[in-house]
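Work through the exercises below with the model open. Try each task before reading its solution.

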Amino acid sequence: MFSKVLVANRGEIAVRVMRACEELGVRTVAVYSEADKHGGHVRYADEAYNIGPARAADSYLDHESVIEAARKADADAIHPGYGFLAENAEFARKVEDTEFKWVGPSADAMERLGEKTKARALMQDADVPVVPGTTEPAESAEDVKAVAEDYGYPVAIKAEGGGGGRGLKVVHSEDEVDDQFETAKREGEAYFDNASVYVEKYLESPRHIEVQILADEHGNVRHLGERDCSLQRRHQKVIEEAPSPALSDDLREQIGEAARRGVRAADYHNAGTVEFLVEDGEFYFMEVNTRIQVEHTVTEEVTGLDVVKWQLRVAAGEELDFSQDDVEIDGHSMEFRINAEAPEKEFAPATGTLATYDPPGGIGIRMDDAVRQGDEIGGDYDSMIAKLIVTGSDREEVLARAERALAEFDIEGLRTVIPFHRLMLTDEAFREGSHTTKYLDEVLDPER
Ligand SMILES: Nc1ncc2cc(-c3cccc4ccccc34)c(N3CC[C@@H](N)C3)nc2n1
Ligand SMILES: [Ca+2]
């Protein structure tokens with residue numbers, strides 16, 4: 001096991017990784033920008049290095065600054081967290097070429113799976129159902145029409161460099177194809193520096209189901225069950241849960257095994273998430289996230305497995321010491337992202353001072369955060385300041401416990417989405433688990 005790990009991130013995920021290190025007897029190194037010099041992750045670490053000004057491009061995204069800090073600290077490994085450089089194959093390759101171990105999949109695996117059309121072809125070869133469409137880039141509007149010929153409208157034109165809702169164009173009829181195709185390529189070039197697009201049958205109201213994977217460097221691949229991320233607003237996940245209320249046990253088993261096959265075929269190691277769309281009892285591969293995710297927590301709560309500790313052990317060459325049959329889903333868990341945003345102002349980012357920060361407690365409550373009362377919350381980075389994870393024996397108990405926890409949660413001095421979460425818990429569709437990925441957008445912005 002490593003003796004010292006540098007966490008190339010900030011906020012709650014940096015503290016999360018450092019907690020795993022603490023439990024493994026590993027010393028921790030924080031990196032921070034000028035804006036974060038009093039940050040929670042700096043307070044928590046054994047040592048900390050300034051890597052630049054507030055602007056992420058000049059600090060948390062600066063390859064050389066991060067590697068330089070690892071050298072100064074004489075760290076053994078670098079854990080990227082999520083966001084920032086976590087899925088940057090170029091940086092992963094740079095780290096692989098240094099004396100530091102990269103805590104994540106290989107740069108090659110990231111590249112194999114990062115290219116959406118390559119990933120789709122690879123999954124198809126592994127008998128993983130993919131959303132019907134092309135596994136090669138679309139060269140012309142004719143390719144779009146060909147998919148519509150086979151599967152009907154609407155179809156989706158997706159940018160190879162897109163993801164997370166960016167670079168997705170829905171085409172409802174043939175007369176829209178030419179313009180939408182040209183626009184998709186132009187925007188792909190402009191936003192992702194990649195004009196390549198591909199085509200899929202557009203599923204009208206899918207659930208967004210993702211499977212947590214752990215794979216060691218000795219050929220063991222396990223899935224840790226699924227998460228349901230269907231409650232989203234403009235492609236931002238709001239509440240995630242495990243297990244999904246929408247899957248039968250049979251579908252659960254099929255999706256988990258498909259995810260394992262796909263990851264094995266990709267020669268993938270460490271933690272990863274295989275994303276699927278589920279509609280009418282069918283599931284379709286969408287993409288792989290080659291990083292630890294914000295919502296990994298709900299999987300940990302229902303399996304009892306510490307995914308981040310396993311990332312560190314696998315990176316240190318250890319074997320997964322449990323079989324697939326040992327993985328049991330017990331109970332139910334929901335994660336509420338606590339964002340500094342004003343729900344009444346279209347969720348605009350909010351800044352201010354945490355005059356009061358009094359999170360809930362009690363049975364089944366987990367808080368993953370890096371803030372404390374009195375902290376300044378600026379607008380330099382993403383708006384999530386904490387995660388409230390609520391676990392219980394079943395979904396009903398989680399809903400009741402979440403209502404209690406959100407009622408206890410007291411934040412003054414800063415607008416947050418807590419009132420929105422309280423409202424969601426009174427929503428009929430959400431309470432019965434029948435919401436789809438479109439539900440929120442249709443409820444909150446019906447005219448969109
Ligand atoms: N062929 C096909 N059909 C339906 C889809 C539905 C989504 C989707 C997934 C999750 C939330 C959404 C919210 C509004 C609109 C779409 C979604 C989707 N996403 C959204 C972000 C990225 N992960 C891919 N791709 C889709 N692709
Ligand atoms: Ca994704």
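**Exercise 1. Decide whether N270 is buried or exposed, then look up its backbone angle.**

Solution. The model is predicted, so every value here is computed from predicted coordinates.
- Step 1. The relative accessible area of N270 is 2%. Buried means under 20%, so N270 is buried.
- Step 2. Place the residue. N270 belongs to strand β12.
- Step 3. Read phi. The angle is near 85° at N270, a positive value in a residue that is not glycine.
- Step 4. Put that in context. Most residues other than glycine have a negative phi.

**Exercise 2. Treat D127 in the way used for N270: which sign does phi have, and is the residue buried or exposed?**

Solution.
- Step 1. D127 is not a glycine, yet its phi is positive, about 55°.
- Step 2. D127 sits in the loop between α6 (116-125) and α7.
- Step 3. Its relative accessibility is 60%. The cut-off for exposed is over 50%, so D127 counts as exposed.
- Step 4. Set the two residues side by side. N270 is buried, whereas D127 is exposed.

**Exercise 3. Find the cis peptide bonds that precede P154 and P243, and locate both prolines.**

Solution.
- Step 1. Start from the general case: most peptide bonds are trans.
- Step 2. Check Y153 to P154. This bond is cis, with omega near -5°.
- Step 3. Locate P154. The loop between α7 (141-151) and β6 (155-163) holds it.
- Step 4. Check A242 and P243. A cis bond joins them, and omega is about -10°.
- Step 5. Locate P243. It is in the loop between β11 (236-242) and α9 (249-265).

**Exercise 4. Describe the surroundings of ligand 1: which residues are closest, and which atoms make polar contacts?**

Solution.
- Step 1. Count the shell. Ligand 1 is surrounded by 17 residues. The closest are K158, G165, E200, K201 and L203.
- Step 2. Check the side chains. K158 places a polar side-chain atom 3.0 Å from a nitrogen atom of ligand 1. An N or O atom in the side chain of E200 is 2.9 Å from a ligand nitrogen.
- Step 3. Check the backbone. A polar backbone atom of L203 lies 2.9 Å from a nitrogen atom of ligand 1.
- Step 4. Work out the burial. Ligand 1 alone exposes 520 Å², and the protein buries 94% of that.
- Step 5. Assign elements. Those giving two or more residues to the shell are β8 (197-201), β12 (270-279) and β13 (282-289).
- Step 6. Classify the shell. It has six nonpolar, six polar and five charged residues.

**Exercise 5. Which protein atoms are donors to the calcium ion (ligand 2), and what is their spacing along the chain?**

Solution.
- Step 1. List the protein donors: E275 (OE), E287 (OE) and N289 (OD1). They lie 2.2 to 2.7 Å from the ion.
- Step 2. Write the spacing as a pattern. The donors follow E-x11-E-x1-N.
- Step 3. Map the ends. E275 is in strand β12 and N289 in strand β13, 14 residues apart.
- Step 4. Check exposure. Both E275 and N289 are buried.

**Exercise 6. Classify the aromatic pairs F91 with W102 and Y191 with F192.**

Solution.
- Step 1. Get the total. The structure holds nine aromatic pairs.
- Step 2. Take F91 and W102. Their ring centres are 5.7 Å apart and their planes meet at 80°. Planes over 60 degrees apart count as edge-to-face, so this pair is edge-to-face.
- Step 3. Place that pair. F91 is in helix α4 (residues 89-96) and W102 in strand β5 (residues 101-102), eleven residues apart.
- Step 4. Check exposure. F91 is buried at 0% relative accessible area, and W102 is buried at 3%.
- Step 5. Take Y191 and F192. The centres are 6.2 Å apart and the planes at 80°, so this pair is edge-to-face.
- Step 6. Check exposure again. Y191 is exposed at 59%, while F192 is buried at 17%.
- Step 7. Add the cluster. Y60, F84 and Y381 form one aromatic cluster.

**Exercise 7. Which side chain is in polar contact with E300?**

Solution.
- Step 1. Locate E300. It lies in helix α10 (residues 296-303).
- Step 2. Check exposure. E300 has a relative accessible area of 6% and is buried.
- Step 3. Find the partner. A polar contact of 3.0 Å joins the side chains of E300 and R366.

Terms used:
Residues numbered from 1 in each chain as written. Chains lettered and ligands numbered in written order. Predicted model: local features only at pLDDT ≥ 70, side-chain atom pairs only at ≥ 80, totals over all residues. Heavy atoms only, no water. Near = heavy atom within 4 Å. Polar contact = N/O pair within 3.5 Å; in protein donor to acceptor, adjacent residues only side chain to side chain. Areas by Shrake-Rupley, 256 points an atom, 1.4 Å probe, with all protein chains shown as cover. Helix = DSSP H or I, 4+ residues; strand = E, 2+ residues; numbered from the N terminus. Nonpolar A, V, L, I, M, F, W, Y, C, P; charged D, E, K, R; others polar. Donors = N, O, S within 2.8 Å, 3.2 Å for Na, K, Ca; no water. Buried < 20%, exposed > 50% of the residue type's maximum accessible area, 1.4 Å probe, protein only. Phe/Tyr/Trp six-rings, centres within 6.5 Å; stacked < 30°, edge-to-face > 60°.
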